[in-house]
Structures are given as C-alpha cells and as structure tokens.
Amino acid sequence: MSKVLNILNIVTKVMTFLVVTAIAAISLATAYIMFAPDDFPKPFHLVYDYSRSTLPLGSVEAAVEPTPTPHVYQPGEGIMVNMSTKIINLADPSGRKYIRLTVVLEFAPEEAPADEKSAKASGGHDSGEAAAAGNDFETRIQSRMPVMDDVVITLLSTKTFEELYTAEGKERLRQELMQAIQQRLPEFHLLSVYFTEFVVQ
C-alpha cells in the first residue's frame, strides 16, 4: 500500500510540475506576443482597431462629433465671373495712350449653412436646388458688377503706359485690383484676378 501511495505521490508531483511548466510557457508566449516589438519574429501579430470609441455610450464625449474643417478654396477652384471688355484712357499727358482690357474675377463659392449641408447629405436637397443656390450667388455677383466696373475703370485711369507694359506692372495691377475689389465687396471672397485680354497702346 505504501508503494502505491509513493507512486501516486510521484505522479502527482510530476503532473503538478507539467501543469505549472505549461502555464508558465503559455504566459511567457502571451507576454512575448503582446509586448515584443512587431519586427521580432512571432507566430502571429496583433492588430488593434482604434476606429471604435472606447467611451461608454452615455458619456458626453461619445456624443460629440468632430467638426469638419472648412474647405479653403485655392485659385482655380472658384466661380469665374467674366467682366466686359473695357477700353480706358491712361494717365498720359498727350491723352493718346489707352488700354483694352478684359478681366475675369474668381470668387470662392459661398458655404451652405450647417443645417443645409446635413439635409443635403441625407438626401433632402436635390441637384436642382443646388443649381438654384449657385444661380443665386451668380445673380448677386452680377448685381454688384457696376461696383467692380467702377473699381477697374477708376484704377486704370490713374496708370501710365510705363507702369503697365512690363510683367511686373501687370502683376502689380492684378494685386491692386484684387485689394480694391475686396475692399468694395467685403461680402464676397475674391480668389484671383485674370487678364484674358491686355493691350496697351
């Protein structure tokens, strides 16, 4: 009987040793997989999903959505407004110098209010209403055309031939027109001024 108890005692110790060794090996393997750098050899790599919020559903932070940053329009992305061709006498003592000029103004489109954007995103507005909003913007621009014409004529009538015939003179004129039009029409965002015809004689 004592021999059987000794054998059982030895088997119990061996089994305990094997179980403890297996648990230690599994724990070490788990720690290695989780904490070792990803460039170390591993049987598999963990992938973490950060797209879901870990905040409780009832918390205030979970209800707050990030505010989208407004799009900053660059020259070339706006609405083009073609002004009529103008022939203007330059500030020349002889009165014989003039400029023939066609100007195209580029304005940034107006941003729709946030509630209209969300309604449009959910399908509340159709393309016809969007076109109507664009037409409304162009109508407002056209109604201010006499102001823009006045700015162009007034500014150009103070210039001389020598100020305009060089590339630097044209660029300076572009900047002065942008500044003068923006001052007179602060409700619109002027992106750029383009010269599609520029003849000085």
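Here is a walk through this structure, from an annotated segment near the start of the numbering to the sheet, the core and one helix. Keep in mind that the model is predicted.

Let's begin with the record. UniProt, in an unreviewed entry, lists a "transmembrane region" at residues 14-35. In the model, that stretch is 100% helix and 0% strand, and its end C-alpha atoms lie 31 Å apart.

Now turn to the sheet, where β3 (98-107) is a good strand to follow. It pairs with β1 in the antiparallel sense over four bridges, and Met80 is the residue you'll find opposite Glu106 of β3. Strand β2 (residues 86-89) also pairs with β3, again antiparallel and over four bridges; there, look for Ile88 opposite Ile99. Then comes β4, which runs antiparallel to β3 over nine bridges, with Phe195 of β4 as the bridge partner of Val103. With those partners in view, how much of β3 is buried? Eight of its ten residues are, so to call β3 mostly covered is fair, taking buried as under 20% relative accessible area.

Next, the core. In soluble globular proteins, nonpolar side chains tend to be buried together. Here the largest nonpolar core has 31 residues, and the ones touching the most other members are Ile99, Leu105, Phe107 and Met148. At least two residues apiece come from β1 (79-82), β3, α4 (127-143), α5, α7 and β4. The largest share is that of α5, with seven residues. For a feel of the surroundings, click on Phe107: setting aside residues up to four places away in sequence, its contacts include Ile79, Val81, Phe137, Ile141, Met148 and Leu190.

Helix α7 is worth a stop too. It covers residues 167-184, and since 18 residues at 1.5 Å a residue should span 26 Å, the 26 Å between its end C-alpha atoms agrees with expectation. Which of its residues are buried? They are Gly169, Leu173, Arg174, Leu177, Met178 and Ile181. Among the elements that cover them are β3, α5 (145-156), α6 (161-164) and β4 (190-200).

One residue links several of these pieces. Ser192 sits in strand β4. Is Ser192 buried or exposed? Its relative accessibility is 11%, so Ser192 counts as buried. Leaving out neighbours within four places in sequence, Ser192 is in contact with Pro75, Val104, Leu105, Glu106 and Met178. You've met some of those already: Leu105 as a core residue, and Met178 as one of the buried residues of α7.

How values were computed. Residues numbered from 1 in each chain as written. Predicted model: local features only at pLDDT ≥ 70, side-chain atom pairs only at ≥ 80, totals over all residues. Heavy atoms only, no water. Expected span 1.5 Å × (residues − 1). Buried < 20%, exposed > 50% of the residue type's maximum accessible area, 1.4 Å probe, protein only. Contact = heavy atoms within 4.5 Å. Core = buried A, V, L, I, M, F, W, Y, C linked by side-chain atoms within 4.5 Å. UniProt positions renumbered as here; feature names shortened; annotations may be inferred. Pairing = 2+ DSSP bridges.
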